[in-house]
Amino acid sequence: MNGKSTIDANGLVTVATYNSDWEAHIAQGVLDASDIESVLGNEVFSSIYPIGFNSLGGVSLNVRACDAARAREVLAGHKI
């Protein structure tokens, strides 16, 4: 997981980046259980381009900017 944060054009903040789609889905489930909505970025590329996928930046976990701090706290409490 990478904790780098960026805000995209839709006002979403990347709170974490994962090397595989399954890790990202687990993290997304953790956020869902905490009532934090999230979306995954680059997910499709991880399944159609598994070799060399990390060169595309991994699977990003994105939340609304207003939920970013809470999402980071929730994720910090779980080892994924």
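These are my notebook entries on the fold of this one chain.

**Ground rules.** I'm working from a predicted model, where local features need pLDDT of at least 70, side-chain atom pairs count only at pLDDT 80 or more, and totals for chains, interfaces and linings use all residues. Residues are numbered from 1 along each chain as its sequence is written, and side-chain values use heavy atoms, with hydrogens and water left out.

**Elements.** I looked up the secondary structure and got three helices and three strands. Here helices (H or I, at least four residues) and strands (E, at least two) are DSSP runs, numbered from the N terminus. Reading from the N terminus, I noted the order β-α-β-α-β-α.

**The sheet.** In what order do the three strands sit in the sheet? I found 1-3-2, in an open sheet with antiparallel pairing. Two strands count as paired if DSSP finds at least two bridges between them. Strand 1 (12-18) and strand 2 (38-41) are the edge strands, each pairing on one side only. The twist from one strand to the next averages 30 degrees.

**Strand 1 with strand 3.** I followed this antiparallel pair over six bridges. Among the partners, Thr 14 is matched with Asn 62 of strand 3.

**Strand 2 with strand 3.** Four bridges hold this antiparallel pair, with strand 3 covering residues 59-64. Gly 41 has Ser 60 as its bridge partner in strand 3, and Ser 38 stands opposite Val 63.

**Helices on the sheet.** Which strands does helix 1 lie across? I wrote down strand 1, strand 2 and strand 3 for helix 1 (residues 21-33), which runs at about 170 degrees to strand 2. Helix 3 (residues 68-76) also packs on the sheet; it touches strand 1 and strand 3, and its direction makes about 20 degrees with that of strand 1. For these angles, axes are lines fitted to C-alpha atoms, for helices over the stretch in contact, and the angles run from 0 to 180 degrees between N-to-C directions.

**Burial.** Why is strand 3 largely enclosed by the rest of the structure? Because five of its six residues are buried. Buried means under 20% relative accessible area (1.4 Å probe, protein chains only). Over the whole chain of 80 residues, I have 38% down as buried.

**Surface and contacts.** The accessible surface comes to about 4800 Å², with 55% of it belonging to carbon and sulfur atoms; the areas use the Shrake-Rupley method with a 1.4 Å probe. Last, I checked contacts (heavy atoms within 4.5 Å). Of those with a separation of 6 or more, 58% are between residues 24 or more positions apart.

Note on methods: Buried < 20%, exposed > 50% of the residue type's maximum accessible area, 1.4 Å probe, protein only.
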